[in-house]
Amino acid sequence: MKKSLLLSAVLALGGVAQAQFTQTFESGSRPVEVANCWSFRNVGFTNTSSEVITGTYSSESYGGNGNSIFVKTPWLIWNNGNVTLDARLRSLGNDNQGVNVYFIPFDNGQPNGEGAVSGLVYTYNFGAQAAPNVITPQNLSFAVPAAVKNGQPWKMMITFYMDNTNEILTDNWSMPATYYSDPLNSCLPSTAILDADNDGVADNDDDFPNDPNLAYLTYYPVNAAGFGSVAYEDLWPAKGDFDFNDLVVDYQLQVKSDAQSRVRFVEADLYARAVGAGINHGFGFEIDGMSPGFISSVTGQVLTDGYITLAGNGLEAGQTNAVMIPWDNTESVLNRVGGPFHNTDPNFGTGTADTVHIVIAFGSPYIADAYLYSTALKPFLIKGRNRMMEVHLPDRAPTDLGTFNLFGTGDDDSNPGAGRYYKTSNNLPWALALPVKFDYPVEKADMLTAHLNFAAWAQSGGVMFPDWFLNLPGYRNATNVY
Amino acid sequence: MKTSIYVVALAAVVLGACSKEVNDGVNPTTPARFEDLQVDANFDWKTTQDVTINIEGIPTPVPVQSTLVITDVQGRAIHKALHTMSETESLSMTLPAHIKTLVVKYGSNEKEFAIENGTVQVSFLPADQDQ
């Protein structure tokens, strides 16, 4: 593929060369101008009506008495013509007050790129003027030196000298030049950007430099090369032993988006790390609020039991929102090593599970990745492979195929009319989702005996110990953590 | 001497009463079992937080655009997108609840920003000082 070399200056200018570069100080903000690669020493902005030359702001120099006082432009490519600016003294003073102009070439060997300052190019002395001309704005004009018009970047530096208590005010700088600084590269001169696939994202920043439809790869949860977990108690609507290891599923989403931050693909890696239950379940997840029409295809699901019906795009059929079923039979993705449970009893060996790799391809109109981050990803357990029996995170409604008939029975205290789901009468859940790989309790160990700050977190409404699941000193009883 | 013993004993009782823990009903004690937790009905059990990131635009003389990258302090990428320097923009994302600091990189600029009340204010304006 032919590489595309874009002069960042041209890119920055939208492809149209700028014949005249101006500075009117109307931003009123030295930080804004510095962010755009101007430099100021002992020069600020004034909006005092008696000092402003035109508009709302003018520049003002201060701090005489031998101090260095200057303004430097950004790097510019200079053309034929004159530099013009308006200047005046704030008040009358002695005869030795004025401005000097120099130019600075780019020197790649210098840390800030500034080479040796040229000789004096122009000077103007207010002292030679008769009052009141010194406090009347004077239009200064001088030609760009021939040496500066060499197609290379130069800065112009204007220095000021005046009485200790006086100021020199300037405005309306106009320079026959093109802006050639890169504010995002330490204000060095602009350089060519390599963009092999012409998607507007520089190759250095592009995770897919040769694919014009993809630019960025990010992970969810925030854990590159790591996973999050969802953990279930599976006896809903009855309470269980609260070891939250009846089913533990680890997951990682790899979000692939284009240069406009629209999601093109999500690849989900999921595996059943623990099964501390005697019941065999299925596992699914819903993208709440997302119409199935946004998704063009879903592949990679492991469906062996025949009770899941798919639509043409691989999503589950009969659903208002997008629902995917990574597996319908947890045993079909486990590699057990013996014992009644899978990876919950330390007296038995550690088994493995197949990683189920789901690829979700999004179709037009593409969603912004911000939607995926903020939207409700709703993982759920399919209890006993009975499609109607879903177990969800607290206050998450079942999918269209989940039953409402067991709400309010057993230990369940759901109230769908109030948006309350899958909670007991004292507000306890049957599932938890974590942004890290969950170190769950060993078989039959109560959560509170494993994670010692969990109670404080829950009872404080999440204020205390939001990091309760981390392996920090004093955070867990290791004996009860698998 | 008998009187002194009674005074000491009385002082011990008084001091013991003062040091006894008071259960004020606001901070419940930690139960031994999960099912005995006292949890507010509105607690959502989330281990994540919804964060809004407000990026301050800086006016530029020409359009300037590059990739803005948001990571955690370990450098793990949370968000990447093209950002125009002059645009003021808000992003929404879901992060682990225990993350308090984000790192924002934009070109050669890189700074840490604190998450405060679910919001991050990002600005790359330099300090107002002489160069």
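This section describes the fold of chain A, the contact between chains A and B, and the confidence of the predicted model.

The prediction as a whole carries an ipTM of 0.85 and a pTM of 0.83. For chain B, the mean pLDDT is 82, and 79% of the residues reach at least 70. Confidence within chain B varies by element: helix H1 (residues 2-19) of chain B has the lowest mean, at 39, whereas strand E7 (residues 119-122) of chain B has the highest, at 97. Over residues 1-27 of chain B the pLDDT remains under 50, and for this stretch the model has 1 contact beyond four places in sequence.

Chain A contains 28 strands and 5 helices. Its radius of gyration is 34 Å, whereas the globule rule gives 23 Å for 482 residues; chain A is therefore more spread out than a compact globule. The C-alpha trace of chain A extends over about 100 × 50 × 45 Å along its principal axes. Of the 482 residues in chain A, 46% are buried. Among the contacts of chain A with a separation of 6 or more, 70% are between residues 24 or more positions apart.

One of the sheets in chain A is open and consists of 4 strands in the order E22-E20-E26-E27, with antiparallel pairing. Its edges are formed by strand E22 (322-327) and strand E27 (390-392) of chain A, each of which pairs on one side only. From one strand to the next, the twist averages 30°. At the E27 edge, strand E26 (residues 377-382) of chain A is joined to E27(A) by 3 bridges, and the two strands run antiparallel. Within this part of the sheet, Leu381(A) lies opposite Val391(A) of E27(A).

Elsewhere in chain A, the loop between strand E8 (82-89) and strand E9 (98-105) includes Leu92(A). Leu92(A) has 14 other C-beta atoms within 10 Å and is therefore partly exposed, the limits for this class being more than 12 and fewer than 20 such atoms. A separation of 6.8 Å is found between the C-alpha atoms of Leu92(A) and Val134(A), although these residues are 42 residues apart along the chain.

In chain B, an open sheet of 3 strands has the order E4-E1-E7, and its pairing is mixed. Strands E4 and E7 of chain B are the edge strands, each pairing on one side only. With direction ignored, neighbouring strands of this sheet are turned against each other by 25° on average. The pairing of E1(B) with E7(B) is parallel and comprises 4 bridges. Across this pair, Thr52(B) is placed opposite Thr119(B) of E7(B). Strand E7 of chain B is thus both an edge strand of the sheet and the element with the highest mean confidence in chain B.

The interface between the two chains brings 53 residues of chain B into contact with 58 residues of chain A. On chain B, the side that touches chain A receives at least two residues from each of strand E1 (48-55), strand E2 (65-71), strand E3 (77-84) and strand E4 (89-96). By class, this side of chain B has 29 nonpolar, 14 polar and 10 charged residues. Strands E1 and E4 of chain B, which contribute to this side, also belong to the open sheet with the order E4-E1-E7.

Conventions: Residues are numbered from 1 along each chain as its sequence is written. Chains are lettered from A and ligands numbered from 1 in the order in which they are written. This is a predicted model: local features need pLDDT of at least 70, side-chain atom pairs count only at pLDDT 80 or more; totals for chains, interfaces and linings use all residues. Two strands pair if DSSP finds at least two bridges between them. Axes are lines fitted to C-alpha atoms, for helices over the stretch in contact, and angles run from 0 to 180 degrees between N-to-C directions. Two residues are in contact if their C-beta atoms, placed from the backbone, lie within 7 Å. Ala, Val, Leu, Ile, Met, Phe, Trp, Tyr, Cys and Pro count as nonpolar, Asp, Glu, Lys and Arg as charged, and the others, Gly among them, as polar. The radius of gyration is taken over C-alpha atoms; the globule rule is 2.2 Å times the number of residues to the power 0.38. pLDDT is the predictor's confidence in each residue, from 0 to 100.
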